[in-house]
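Have the sequence and the 3D view open side by side. The walk below goes from cysteines to a helix and then to a surface patch.

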Amino acid sequence: MPARTRQAEAVPVAGLAKLSEKRRQQLPACTVAQLRQRIAAGEYLVVIDGLVCKLNGFVNKHPGGPLALLHMVGHDATDEVLSMHPREVLATMVPRWAVAQFVPDGSGRVSFVEDMALPYSAPRTAGGEDPVLDYGAIQRDYWQLHGQLQAEGFFKCTYSDYTWDAVRYVVLLAASLGLVVWGGGQTWVYVLAGLCTALLWQQLSFLVHDLGHNELTGRRGVDLILGICVADLLGGLSVGWWKKNHNTHHVVTNDVDNDPDIQHMPFFAISTRFFESRFSTYYRRVMHFDAAARLFVSLQDKLYYVIMCFARFNLYVQSWLYLLTSDFAPYRMLEVFCIAGFFVWFGYLLTYIPTWPQRLLYVLIANTASAVLHVQLTLSHFAMSTESPDPERECFCARQVRTTMDVICPRWFDWFHGGLQFQIEHHLFPRLPRHKLVRVQPLVKDLCRRHGMQFKEFSFIDGNVYTVQWLGEVARRAKVYNCREHLHEQAVNSIAKAAGGL
């Protein structure tokens, strides 16, 4: 059996922190036991590149949201930090928060708090078959590949890649507006206009995704404001909400208690773990497996596409809840102004449609046809693993490959998926411009092959079949669970009646 060691524990080999050897040696040592003790006392300590960083003063200022950091407390987060941030930023930020040198215990662990009850992050869900992977070797090769892509300029945006994207945006926007304004009262014209609007929103979502990951200009403030102009003003959705949600998803992908992207109770349960009424660390509430959940989940494979048709309406609600109630909304007023602007111009556009039934039809088609985007988003994770075979030792790269799938499509059809059908590659290298993911896939496949990691990919049709079949399997188990609960309730009632008659 390969040894589960992390050679990288002993010395900082990622090269993230620009810290002189003299300054590094001046820092006190911190053992695993001391790390745990200080975390239990309320310190937010994260291990990055061999340094223990205290983030109490930074967590609420983190551009990606507090939870993305809090889920890393008590972990060696070198890989997560490397994947999500430019090296230039980390070279200055990591030394600023460093308070100690980390002294590993030789166990190969990347998580040191799986048995601790932290109020902001639940332990990773354990289970599943152990594939017997050498996580240390996987991590070293991941670092090597990341360095190779960095050296070859993959992380720099090539603006010419957006040429045809821009053409599509302009054509779809012109078609959407033109068909509504000059529709002539013809119902079929407004149906076509609704489809064009839905396709426009779908395509713009890929651009917003790039901006949210700072892939366009590489300047966080510029990309975020551009994202607000596109998502909030043209689509009515909060990019701030998306960024907070999405960054958390990248850090704790497919974890039942921590990942908001798979927490859709009472409508969906992608794991039987949700039958346990788990507590969501993102929504700060219990996800009750109550009567409504039992009904919807038992039918989820049949209702999947129907519910996806209403997903965009839910995003409008989530956007407003975030802007009105969230403690973390850095651009709150700008986003409120832009989303209000969206409803003003969109409402004015509807005045060009002569009758209320036609207006309602256009709005419904524009929003429900956007279901294709939500199917694309859920396809990559809904049928994938939600349980880690070794939560303490599983490295970032192995976890992302385990929880994600790619979608196969012809190169000429890349535009429809926005290049984000390469989700495994995107999760390994979130800052990599999506147009370049196709060139990285062979390298990632080779890495997986060398280390015995299963690389899952399906065609769009087969991926849908695979996902619906898995939802159906969980639905079947929910029905069995419902029957057992019903029989248990009957037995309890019978005993109670018998006791009452004595």
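Cys409 is buried, because its relative accessible area of 18% falls under the 20% cut-off. This is a predicted model. Cys409 takes part in no disulfide. The nearest cysteine sulfur belongs to Cys448 and lies 19 Å away. A disulfide needs the two sulfur atoms within 2.5 Å.

Now turn to Cys395. Cys395 is buried too, with a relative accessible area of 1%. The structure holds zero disulfides. Cys395 is therefore unpaired: the nearest cysteine sulfur, on Cys397, sits 5.6 Å away, and the cut-off is 2.5 Å.

Next, find helix H15. It covers residues 356-368. Does its length fit its residue count, or not? Its 13 residues, at 1.5 Å a residue, should span 18 Å. The C-alpha atoms at the two ends are 18 Å apart, so the expected span and the model agree.

Which residues of H15 are buried? They are Gln358, Arg359, Tyr362, Val363, Ile365, Ala366, Asn367 and Thr368. Several helices help to cover them. Among them are H7 (163-181) and H8 (187-212). Helices H13 (311-325), H14 (332-350) and H16 (371-379) also belong to the cover.

Stay with helix H7 and look at the surface. Val167 is found in this helix. Val167 counts as partly exposed, because its relative accessibility is 36%, between the 20% and 50% limits. Together with Trp164 and Val171, Val167 makes a nonpolar surface patch of about 330 Å².

Technical notes:
Residues numbered from 1 in each chain as written. Predicted model: local features only at pLDDT ≥ 70, side-chain atom pairs only at ≥ 80, totals over all residues. Heavy atoms only, no water. Helix = DSSP H or I, 4+ residues; strand = E, 2+ residues; numbered from the N terminus. Expected span 1.5 Å × (residues − 1). Buried < 20%, exposed > 50% of the residue type's maximum accessible area, 1.4 Å probe, protein only. Contact = heavy atoms within 4.5 Å. Patch = residues over 30% accessible without salt bridge, like charges linked within 9 Å, V, L, I, M, F, W, Y side chains within 5 Å. Areas by Shrake-Rupley, 256 points an atom, 1.4 Å probe, with all protein chains shown as cover. Salt bridge = Lys/Arg side-chain N within 4 Å of Asp/Glu carboxyl O.
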